[in-house]
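Trainee: I am new to this one and would enjoy a close look at a single part of it. Please take me through it slowly, explaining the terms as you go.

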Amino acid sequence: MDLSATLKKDFGHDQFRPLQQEIIRDALAGHDVFVLMPTGGGKSLCFQLPALMREGLTIVVSPLISLMKDQVDALQTSGIAATYLNSTLDRQQATARWRGLHRGEYRMLYVAPERLMLDAFLERALNWNIAQFAIDEAHCISEWGHDFRPEYRELKKMRKHLPEVPMMALTATATERVRVDIIQQLHLREPRCYIASFNRPNLTYRIVPKSAPYEQLLAFIRSRPNDSGIVYCASRKSTDSLARNLNEDGISAKPYHAGLTTGERTKHQESFLRDDVRVITATIAFGMGINKPNVRFVVHYDLPKNLESYYQETGRAGRDGLPGECVLLFSASDVAKQLHFIDEKSEKEARIARAQLQQMVHYAETRECRRATLLEYFGETFSQVPCNGCDNCLQPRETFDGTVHAQKFLSCVYRIHARHGFGFGLNHVVDILRGADTEMIRQRRHNQLSTYGIGRDLKRDAWQAIGRELSRLGFIECAPGRFATLTLTPAGREVLRSRTPITLTKQIDIAAQKEKPRAGAIECDELLFEQLRALRRKLADERDVPAYVIFSDVSLREMARNYPTTAREFRRIPGVGEQKLKDFARPFLSEIKKYLATNPRRTFSDDSGSLFRQRRAHLNDSEAETLRRFQRGESVDEIARARGFVHSTIYGHLAAAIECSKLAERTRFFTPTQEKEIAAAFRQVSDGKLVDVSALLGNKYDVGLLRIFRAFAARTRGAAVSQPPQSA
C-alpha cells in the first residue's frame with residue numbers, strides 16, 4: 001500500500017507528520033484507534049487518507065456545522081468526494097446528497113451526533129457500505145471533558161447497530177481520566193492508542209505585566225498589520241467593548257460570545273474565517289472546531305481559569321506550522337477577581353477551582369521554561385530547555401538574594417501560627433509586614449507582633465509575589481478552603497532556623513523583554529507573498545470558500561521563496577496535489593511570472609532547516625555574567641547555584657558564548673573519546689533533535705552538554721564554509 005503516493009496526489013504533501021502513518025496503517029488494518037493529538041498536529045488526515053484507500057464510506061461525527069462545511073470544502077477543492085448532512089441544507093440539496101450516498105458516490109460523510117443517532121438515519125445507513133466511523137472532538141463524550149455534550153453519549157449504540165465497523169476516536173486535549181472514559185463510552189475494542197507530544201514548537205509563549213491593557217493590546221496588534229488573531233476575554237462586556245474600541249482605532253474586529261444570537265455568531269465567525277476581519281474578541285464560547293490555520297496570535301486579555309483552557313485556546317494559533325504568538329496579560333488583581341467568582345461556587349467545586357487557579361498563577365509567575373511547565377501539567381517531560389520559544393528562555397528573569405525578605409515573610413507566618421495555633425491568608429500576612437492599620441489587625445492584636453511593619457520597604461504586590469514564590473519553592477503551604485491560610489512546611493521551618501540563603505525572582509519588567517526568534521518561520525519574498533495572498537483571496541471569493549481552502553500560508557510562502565514558473569516546479573510546492581495542480585497552477589504561475597518581469601529573484605539562506613542555530617554576534621548581560629564566572633573557573637553546577645538558574649539555562653548561556661566565538665575551551669566539557677561518541681550519535685539522527693541524540697546515547701549525557709557539542713560543531717562548520725578555497 002503506497003501511502004506516500006496518495007498523500008502527495010490528494011493532499012499535496014511529501015511526508016507524514018509524527019504518528020500519522022502508524023495510525024493510518026492501523027485504521028486500514030481494521031483496528032479501533034484512539035488518537036490524542038494537539039491542535040495543528042494533523043488529526044483529520046488520519047481518517048481522511050484511509051477513506052481514499054479502501055472501498056466504502058467513512059462517516060465522520062463532528063459537533064459543529066461550520067467545521068463540517070470547512071472540511072468538506074477543503075476536501076472537494078482537493079478533488080475528494082465528500083459531503084455533509086445538516087440543518088443548513090434545503091430539501092432539494094438534502095435529497096440530492098441522500099441519493100448520492102445510496103449510489104456510493106461519496107468516500108466521506110460528515111454528520112452531527114444527534115442526526116446520526118436518529119432511527120430513520122441509522123435505518124438508511126444500514127444499506128450503505130460503511131468502512132469506518134471517525135469520532136472527532138471525542139472528549140465531548142466524557143462528563144469529565146471540558147466540552148461535554150450529552151448527545152455524544154448516544155454514539156455507543158453504533159456498536160450494537162454496526163458491530164463490525166471499526167471506530168477511530170480523536171481529540172486534541174484529554175486528561176488520563178477522560179481518555180479512559182472515551183474508550184469505555186464508545187466500547188472501543190482493544191484500541192491502538194496514540195498519544196502525540198503536546199509540544200507546539202512554533203508557538204512562542206509570553207507573559208506581559210498588565211499595566212494599561214488596551215493600549216498594550218492595540219500596540220501589539222498594530223505591530224502585526226497583516227496578521228489575524230484571537231483576543232480572549234473573561235466577560236461578554238469586555239468582549240464587546242474591545243471589538244468596538246479596536247474598530248474605532250482602525251483594526252477590523254468582531255465580538256463572539258454566548259450573548260449574541262446564533263446568526264450573529266455565525267456571521268462574525270465567517271467574517272473571521274474569510275479574513276474579512278482581522279481580530280475576533282471572544283469569550284471561551286469561541287474556539288472548538290475553528291479550522292483557520294493562519295491565526296498568527298492569541299492574546300489572553302484576562303487570566304484563564306486553568307491551564308487546560310489556556311493550552312486549548314493558545315493552540316488555535318499557528319495551526320499551519322508557521323510562527324504563532326501567545327501573549328497573556330497578567331496582573332495580581334485578575335487573580336483576586338477569579339477568587340471572588342470561585343467563592344460563589346459550592347465547596348467541592350471551589351476547592352478544585354482554587355487548585356486549578358493556583359497552577360495557572362504558578363505558570364504565569366514561574367522563572368522556569370514556560371513550555372516545560374505547560375507540558376509537565378499534561379504529564380509530559382520536556383528536556384530541550386531552554387526552548388527558545390518563551391520569554392523566560394529568551395530573556396531569563398533576573399534573580400536576587402531574597403534571603404532577608406524570605407526570612408521576614410516566613411517569620412511572620414510562624415509568629416501568627418505560634419500565637420493562634422492556625423494561620424491567616426496571604427493578604428493578611430502582607431498587611432502585617434507592611435504595617436497596615438486594618439480592623440482585622442487591630443482585632444487580632446497583630447500590630448503587637450514583632451514582624452509588624454518590618455516590610456514597609458516593599459510594595460504590596462512585591463510581597464504578594466514573594467509569598468507566592470515561597471509557596472512554589474515549598475517553604476509555605478496553602479491550606480485548602482475558602483480562606484487559604486498559610487503555614488510553614490518542614491522545609492520552611494528549616495530555612496527559617498538555619499537562615500539558608502534563598503534566591504528569589506525579580507518581577508517581570510516589560511521594558512526588558514526582547515524580540516524573539518520566530519520558530520517555524522519560512523523566509524521568502526514578502527512582496528510576492530502579499531500578491532499571492534491577494535490572488536488566493538480572489539479565487540476563494542469566486543468559489544465561496546475561505547482563503548486557506550485554496551492554499552495555506554505555508555504553500556504561498558514556499559511559492560514566494562522558490563519562484564516556480566513551470567507546472568513541474570509548482571507540483572513540488574507543499575500542498576499542491578493533482579486536483580490543485582489542475583485548478584490553480586495557471587493563475588499562480590502567471591502571477592509569479594508577471595512579478596519576475598519587473599522584480600529580481602531573491603535568494604534565501606538555507607539555515608532555517610539547519611541542525612545548528614544561526615551564529616550570533618553579541619551576548620546579553622545575563623549570558624556575559626555566566627561566561628565571566630565560567631572563565632574564572634566556576635563549574636556549571638556552581639554557576640547555576642549562585643545565580644539561581646537551572647543547569648539548562650547555564651548551558652544555554654555557554655552555547656551562546658560559543659556561537660559568538662567567545663568560548664573555545666572544548667576540553668572543559670568533553671574528552672576526545674566522548675566527542676567521538678557524541679559525533680557518531682548526531683550523524684545517526686537526521687533532524688538533530690537533542691532528545692533523540694540523548695536517547696541514542698542511553699541518556700548518559702546531559703541535554704545541555706549536547707547543546708554545547710552542537711554549538712561547537714556549528715562554529716567549526718561555519719569556519720570551514722567561510723574559508724577561501726585553497727589554490728592548487
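**A sheet and the helix packed on it**

Mentor: Let's start with one pair: Ile 135 stands opposite Ala 169 in strand S6. This is a predicted model, in which local features need pLDDT of at least 70 and side-chain atom pairs count only at pLDDT 80 or more, while totals for chains, interfaces and linings use all residues. Residues are numbered from 1 along each chain as its sequence is written, and side-chain values use heavy atoms, leaving out hydrogens and water.

Strands S5 (residues 130–135) and S6 (residues 167–171) run parallel and are joined by three bridges. Strands here are DSSP runs of E, at least two residues long, and helices are runs of H or I of at least four, numbered from the N terminus. Two strands count as paired if DSSP finds at least two bridges between them.

Now widen the view. The seven strands of an open sheet are ordered S3-S4-S2-S5-S6-S1-S7, with parallel pairing. At its edges are S3 (82–85) and S7 (192–195), each pairing on one side only. On average, neighbouring strands are turned by 15 degrees against each other, direction ignored.

Helix H3 packs on this sheet, touching S2 (57–61), S4 (108–111), S5 and S6, and its direction makes about 155 degrees with that of S6. Contact means heavy atoms within 4.5 Å; angles run from 0 to 180 degrees between N-to-C directions, with axes fitted to C-alpha atoms, for helices over the stretch in contact.

Why is H3 (residues 43–52) largely enclosed by the rest of the structure? Because nine of its ten residues are buried, meaning under 20% relative accessible area (1.4 Å probe, protein chains only). Among them are Leu 45, Cys 46, Phe 47 and Leu 49.

Key:
Buried < 20%, exposed > 50% of the residue type's maximum accessible area, 1.4 Å probe, protein only.
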